[in-house]
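Welcome, and please open the model in your viewer. We will move from the outer surface to the interior, then to the ligand, one selection at a time.

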Amino acid sequence: MNYIGSKHSLLPEIERVLDEHGVPRSGIALDLFAGTGAVGKLLKRRGHTVWANDWQRYAYVTNAALIEQNRLPEFPRLTLPTQQDVNRHPRCETVLAYLQTLPGRKGEFYEHYCEGGSAGRQYFSRENGLRLQQIRDTIELWRSIEQITESEYFWLVACVIESADRVANTASVYGAYLKHLKATAEKPLQLVALRPQESAVQGHRAFCQDSLALLREQPGPFTLIYIDPPYNARQYSANYHILETLARWDVEEFEPRGLTGLRPAESHRSAYSLASTAQKAFTALLSEARADYVLFSYNNEGLVPEATLLQLLGAVSDSAETVVSSKSRPGRDSVSVTRIPFKRFRADADHEKRTYSADATEELLILARLRSSSPLSSVATTQLSSQGEELSSAV
Ligand SMILES: C[S@@+](CC[C@H](N)C(=O)[O-])C[C@H]1O[C@@H](n2cnc3c(N)ncnc32)[C@H](O)[C@@H]1O
């Protein structure tokens, strides 16, 4: 999925930073803003028990399928009307193949969001919209009559989300749909089987909570906390509202708003995406971080300036005198920064109302060795919050 802020292309750099600084390949790694699960998969491969969190339901479902599970689901309780191919394919593929044969039908999702629906929006072609409606209705039915387990349910929904995204009639995100069907949106929906990341370790988990609330609830200690928050004002809840609705399948419970059919206004507005609250939110998050290491991903054009972030991380790092190095000096500094030139995320091309300033920005990977994996002393917490306040008045 072409997801805003996905770290898929940065995985080699992330792995290199962790290895060069000797971050152990064991213990629990908490991915607090997990998105597509790309980094969680890397951390599983690295040998960690991974806990992945994201408060968007589509991201949670994806992480429940790819991170929480170590292998493909088997569907032992499900009876399909057609049982052909049962010995020729893994059972999960037979289940997808069955869903793939459903002809489609009308329903609320189709009416609100698909070509030919009564609301006039066209995020999906008529044919794909009708089929998505019936496929999701069927998965919901199987769950309600307990023919599938919760993990089988999440895997199926994650496969539908990924497959639907490939035929969506948008420029990239769901802030708007295109007036005419683009070529990929005209292709028939093809259900893809997502592969959970294999791992010899048990105990992987997925959470769907506000990051700070989760940190307060789960005391750790963790080997590593990976923090990859939004860095600009784009709200994921608005940009991916269709995927959220496909994940929750709750369109009968709200009135889609405006031209684009957004979910209710109060849905998840992230404090990290508002200039007025982002720094306070980081301060609070770091004061709850109980881990050996924190790896922080951010962008040099982010809402919180790099210098501020480094000071916040310096306050929780394990050196009394914080040495902040912009060159990565493995094993020597308690806070180190790696800068990676990064192609800017573009939802669409330049046009008369918008010209992007530059194609490249810098992605920052800031690794901090923390003072202690036990809860921060009150001195450190006070230092952190007063630093946060000083900084916010200075910025
Ligand atoms: C930069 S993206 C993470 C990308 C991810 N690392 C990947 O590679 O796919 C930021 C994520 O933070 C999530 N998010 C924003 N605010 C949050 C909050 N308060 N609690 C939990 N998740 C949040 C968004 O839903 C989004 O998926």
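Accessible areas here come from the Shrake-Rupley method with a 1.4 Å probe, and for residues only the protein chains shown count as cover. Show the whole surface: the protein has about 17400 Å² of accessible surface, and carbon and sulfur atoms hold 50% of that.

Before going further, note that this is a predicted model, in which local features need pLDDT of at least 70, side-chain atom pairs count only at pLDDT 80 or more, and totals for chains, interfaces and linings use all residues. Residues are numbered from 1 along each chain as its sequence is written, and side-chain values use heavy atoms, with hydrogens and water left out.

**The whole chain**

Switch to cartoon view. You will find 14 helices and eight strands; these are DSSP runs numbered from the N terminus, helices being H or I with at least four residues and strands E with at least two. Of the 395 residues, 54% are buried (under 20% relative accessible area; exposed is over 50%, partly exposed in between; 1.4 Å probe, protein chains only). Among contacts (heavy atoms within 4.5 Å) with a separation of 6 or more, 72% join residues 24 or more positions apart.

**The nonpolar cores**

Next, select Leu 99, Phe 109, Phe 124, Trp 155 and Leu 156. They touch the most other members of the largest nonpolar core, which has 80 residues. Such a core is a set of buried Ala, Val, Leu, Ile, Met, Phe, Trp, Tyr and Cys residues joined through side-chain atoms within 4.5 Å. Helix H7 (residues 150-166) is the top contributor to this core, with 10 residues.

Which residues does Phe 109 touch, leaving out those up to four places away in sequence? They are Cys 114, Phe 124, Leu 132, Gln 133, Ile 242, Thr 245, Leu 246, Trp 249 and Val 251. For a second, separate core of 34 residues, pick Val 294, Leu 310, Val 316 and Ile 366, which are among its members.

**Helix H11**

Now colour helix H11, residues 241-248, where seven of the eight residues are buried. Those buried residues pack against helix H3 (57-68), helix H5 (108-113), helix H6 (126-144), H7 and helix H10 (236-239). Step just past H11 to Trp 249, which takes a positive phi of about 50°.

**Strand S5**

Go to Ser 297 in strand S5 (residues 291-299). Is Ser 297 buried or exposed? Ser 297 counts as buried because its relative accessibility is 0%. Its side chain makes a polar contact with the side chain of Tyr 226 at 2.6 Å (a pair of N or O atoms within 3.5 Å; within protein, one must be able to donate a hydrogen and the other to accept it, and residues adjacent in sequence count only if both atoms are side-chain atoms).

Asn 299 lies in S5 too, and is buried at 1% relative accessible area. A polar atom of the Asn 299 side chain sits 2.8 Å from the backbone nitrogen of Glu 301.

**The ligand**

Finally, select the ligand and the 22 residues that surround it, each with a heavy atom within 4 Å. The closest are Tyr 3, Thr 36, Asp 54, Asp 228 and Ser 270. Measure from an oxygen atom of the ligand to a side-chain N or O atom of Tyr 3: 2.7 Å. A ligand nitrogen atom is 2.7 Å from a polar side-chain atom of Asp 228. Taken alone, the ligand exposes 610 Å², of which the protein buries 99%.
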